[in-house]
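User: Please take a close look at one part of this model, the nonpolar surface patch and the helices that carry it. I would like one connected account.

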Amino acid sequence: VVLLLSLLGLAAAGKLLVVPVDGSHWLSMREVLDVLRQKGHEVVVVAPEVSLHIKPSKNFVMKMYPVPFTQEEMDEVFKESVKNFFEEGSFLERVIRQYQQVKKSSALFLATCKHLIHNKELIRYLEQSKFDAVLTDPILPCGAILAEYLSLPSIYFLLQIPCGLDYQATQCPSPPSYVPRAFTALTDRMTFLQRVKNVLYGIPNLFLCDVVFQPYAELALGFLRREVTVLDLHRQASVWLTKLDFVLHFPKPLMPNMVLISGVNCAYKKLNQ
């Protein structure tokens, strides 16, 4: 009995495959990986050779793969993205600027995903490594495609997904009379005219999502050898760890596998859970 109890710590540890998204998404995820490693889990991160913030660490194994762009090209795309985000203008001007910028950054991320799943040596390593789960940021579905290919349960770590795909994938209610859309600056309490505005602001997202996500559906078709939508991939997620808190955000509906974790951000801070 004593021997079995001494092995419980080893039995609780798992092997986690991490498919991150660069930028601030990675900075908050890295805090979680450090804690997981301290708890005895084995963490393997797959990342491109060119990135903004994803760097090797003693707390995890990093498997890197080549990509068809330079560090300078990537830095320029992100500088333009930040600049556009803070520029003022009418709603239409902001949507057009966002649409143009999304096309540039999406092409960069899509190329990264292509070179990951078409790297035969790396995919062979992942197949042989016997992971227990995949941790990924679903704002880009490359990790979801890989989890489906490896037949592994997926854990999503996110703030939100464009176009409300997180609501659709979890079948979570998201009425426009209650849940504010992006760029509206509205709260969860709206007048009738504000609700109309909230509905209208959601329309451009349909076009933006086609630009961002349709190429991934085509990529998944070639890799998985079957037709699948990005929404289908996201529906397979086991747990959605959402970086929200009722204290800082408006209350909204949740599903049982959506967990508010809060307290995880770019700066170092002790996790509240």
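Analyst: In this predicted model, helix 9 gives the largest share of the nonpolar patch, four residues. The patch covers about 770 Å² of surface and is made by Phe192, Leu193, Val196, Leu200, Ile203, Leu206 and Phe207. Two elements each give two or more residues to the patch: helix 9, spanning 192–201, and helix 10, spanning 204–224.

Leu193 lies in helix 9. Leu193 counts as exposed because its relative accessible area is 66%, and the cut-off for exposed is over 50%.

Helix 10 has 21 residues and reaches 30 Å from its first C-alpha to its last, close to the 30 Å expected at 1.5 Å a residue. Helix 10 nevertheless bends by about 35° at Val211, and a proline, Pro215, follows within four residues.

Apart from its part in the patch, helix 10 also has a buried set: Pro204, Leu208, Cys209, Val212, Phe213, Tyr216, Ala217, Leu219, Ala220, Phe223 and Leu224. An α-helix has 3.6 residues a turn, so residues three or four places apart point the same way. Leu208, Val212 and Tyr216 are among the buried residues of helix 10.

The buried residues of helix 10 pack against helix 9, and also against helix 5 (91–117), helix 6 (120–128), helix 7 (142–150), helix 8 (165–170) and helix 11 (230–234). Helix 9 thus appears twice: as a contributor to the patch and as a packing partner of helix 10. After helix 10 comes Arg225, with a positive phi near 65°.

Technical notes. Residues are numbered from 1 along each chain as its sequence is written. This is a predicted model: local features need pLDDT of at least 70, side-chain atom pairs count only at pLDDT 80 or more; totals for chains, interfaces and linings use all residues. Side-chain values use heavy atoms; hydrogens and water are left out. Patches are made of residues with over 30% relative accessible area and no salt bridge: like charges are joined within 9 Å, nonpolar side chains (Val, Leu, Ile, Met, Phe, Trp, Tyr) within 5 Å. Accessible areas come from the Shrake-Rupley method with a 1.4 Å probe; for residues, only the protein chains shown count as cover. A salt bridge is a side-chain nitrogen of Lys or Arg within 4 Å of a carboxyl oxygen of Asp or Glu. Buried means under 20% relative accessible area, exposed over 50%, partly exposed in between (1.4 Å probe, protein chains only). The expected span of a helix is 1.5 Å times one less than its number of residues. The bend at a residue is the angle between axes fitted to the seven residues ending there and the seven starting there. Contact means heavy atoms within 4.5 Å.
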